[in-house]
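Here are a few exercises to work through with the model open beside you. Try each task before reading its solution.

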Amino acid sequence: MPVISSTQRKPILVSLVVFILVIVFFLSPYQSTSIAPSSVPPKNVVPHEFVMPPDEEQFKEPAWKNTTRAKAAFVILTRNSELDDLRKTIQQLEARFNSKFNYPYVFLNDEPFTDEFKELTSGLTKAETKYGLIPQEHWGYPEWIDVEKADKLRHKMGKDGILYGDNLSYRHMCRFESGFFFRHPLMLEYEFYWRVEPSVEFFCDLDYDPFLYMKENNKKYGWTISLLEYESTIPTLWETTKKFMKEYPQYIPENNLIDLISNNGGGSYNLCHFWSNFEIGDLKFLRSPEYTAYFEYLDRAGGFFYERWGDAPVHSIAVGMFLNQSEVHFFNDIGYKHAPFMHCPISRELQKKCHCDAGENFDFTESSCMRKWISVTE
Ligand code: GDP
Ligand code: MN
């Protein structure tokens, strides 16, 4: 048996080590010229996942850098005299959301807007601003209304101390918001709207696009505050609605949200409605055959003038009759105030982007319908 001396062993060991190193080199990712995968960080660099919490969101581009936009606009019915109140609102809306997303504004009025109004509103935004006059047939008595009867009943509601009881322009406003704003020529190119009013406030930074959210999730109606209506303004609205449902059963899906607006399966109206001074909605819904038929039915019945039907209960009853739960969205993350009520998100996580006082949140007070919403949708 040949004996290998220690001097002979050394070169063999060296070539073995060299051989192993060559194999390791060829199998290693470093032999290519491409960048090493992040799982093998260069020496002395601490991979970020060890420093930062594993939150994927923070590595994403901000939503407004995505150039995809919905066909959508803010719609603001207002008078020239409300210019200053509106300017406060627009400046907040721009700061919280729209300076990043640049959605256009459509201003509507039953009188022509003044040059001052146009200059001082368009100056607050980089987005496009459009100013429309409401056609007379959308802001006046339809021919079938008995004007004398309407006058008499209106004065009586005023004497009875009902809010806006004796106010005729308020009735035109409610009828316009119920049945016509989405048919205005300036609105026809849009698919979604966000309704805004002078004096309302926005408290939370909104870093995503709520219109795209609506579109991508098949939402038809979005809201932030729900509450009870004054019964004295709508004495016959529910009876009229029930007659409509009987005459147009083809428009009433089984899986709807009637339990949100009625506590007895449709027998009576529980007065719950979404406060329509804030709405983000799908215009297709308001232009649909079923909504159109409902509005025309109500309009014929005359309650916009003989009583004081508000656009909020009208929209909300339509939502309850025609939509299902998945099509309606509560925008909890939009801190919002229309005096005297405020929606301020109470979760700590959402509060990080807001400056409102959650103690003022209206959601769980007596006159709110939030509990009803939760019981119906959970
Ligand atoms: P409230 O929120 O029910 O108390 O009613 P508002 O007075 O705030 O009116 C609702 C919306 O309609 C607001 O955006 C007003 O600016 C607008 N509005 C009300 N009445 C008129 C009117 O006679 N002419 C115009 N152009 N806008 C009106
Ligand atoms: Mn208002």
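**Exercise 1.** Work out which hand the link of C344 and C356 has, and where its two ends sit.

Solution. Start with the angle: at 85° about the S-S bond, the link of C344 and C356 is right-handed. Now place the ends: C344 lies in the loop between β12 (341-343) and α14, while C356 lies in the loop between α14 and α15, twelve residues apart. (Helices, H or I of at least four residues, and strands, E of at least two, are DSSP runs numbered from the N terminus.) Next check the sulfur atoms, which are 2.1 Å apart; a disulfide here is a pair of cysteine sulfur atoms within 2.5 Å. Last step: C344 and C356 are both buried, where buried means under 20% relative accessible area, exposed over 50% and partly exposed in between, with a 1.4 Å probe and protein chains only.

A quick word on ground rules: this is a predicted model, where local features need pLDDT of at least 70, side-chain atom pairs count only at pLDDT 80 or more, and totals for chains, interfaces and linings use all residues. Residues are numbered from 1 along each chain as its sequence is written, chains are lettered from A and ligands numbered from 1 in the order in which they are written, and side-chain values use heavy atoms, leaving out hydrogens and water.

**Exercise 2.** How many disulfides does a search of the whole structure find, and what is the pairing of the bonded cysteines in sequence order?

Solution. The search turns up three.

- C204 is joined to C354, S to S 2.1 Å. At 105° about the S-S bond, this link is right-handed. The pair ties together distant parts of the chain, 150 residues apart: C204 is in the loop between β5 (201-202) and α7 (210-216), and C354 is in the loop between α14 (348-351) and α15 (370-377). Both C204 and C354 are buried.
- C272 and C369 make another, with sulfur atoms 2.1 Å apart. Here the angle is -95°, so the link of C272 and C369 is left-handed. The pair bridges strand β8 (residues 272-274), home of C272, and the loop between α14 and α15, home of C369, 97 residues apart. C272 counts as buried because its relative accessibility is 8%, and C369 does because its value is 5%.
- C344 with C356 is the pair from Exercise 1.

Now number the bonded cysteines in sequence order, and the pairing reads 1-4, 2-6, 3-5.

**Exercise 3.** Find which residue carries the UniProt annotation "active site", and decide whether E279 is buried or exposed.

Solution. The unreviewed UniProt entry puts that annotation on E279; such positions follow the numbering used here, feature names are shortened, and annotations may be inferred rather than shown by experiment. E279 belongs to strand β9 (residues 279-282). With 0% relative accessibility, E279 counts as buried. Leaving aside residues up to four places away in sequence, E279 touches Y193, W194, R195, Y221, G222 and H315, contact meaning heavy atoms within 4.5 Å.

**Exercise 4.** Give the strand order of the open sheet that includes β9, and name its edge strands.

Solution. The seven strands run β3-β2-β1-β4-β9-β6-β10, with mixed pairing; two strands pair if DSSP finds at least two bridges between them. At the edges are β3 (129-133) and β10 (328-330), each pairing on one side only. Strand β6 (residues 221-223) pairs with β10 in the parallel sense over three bridges. To pick out one of these by eye, go to Y221, whose bridge partner in β10 is V328.
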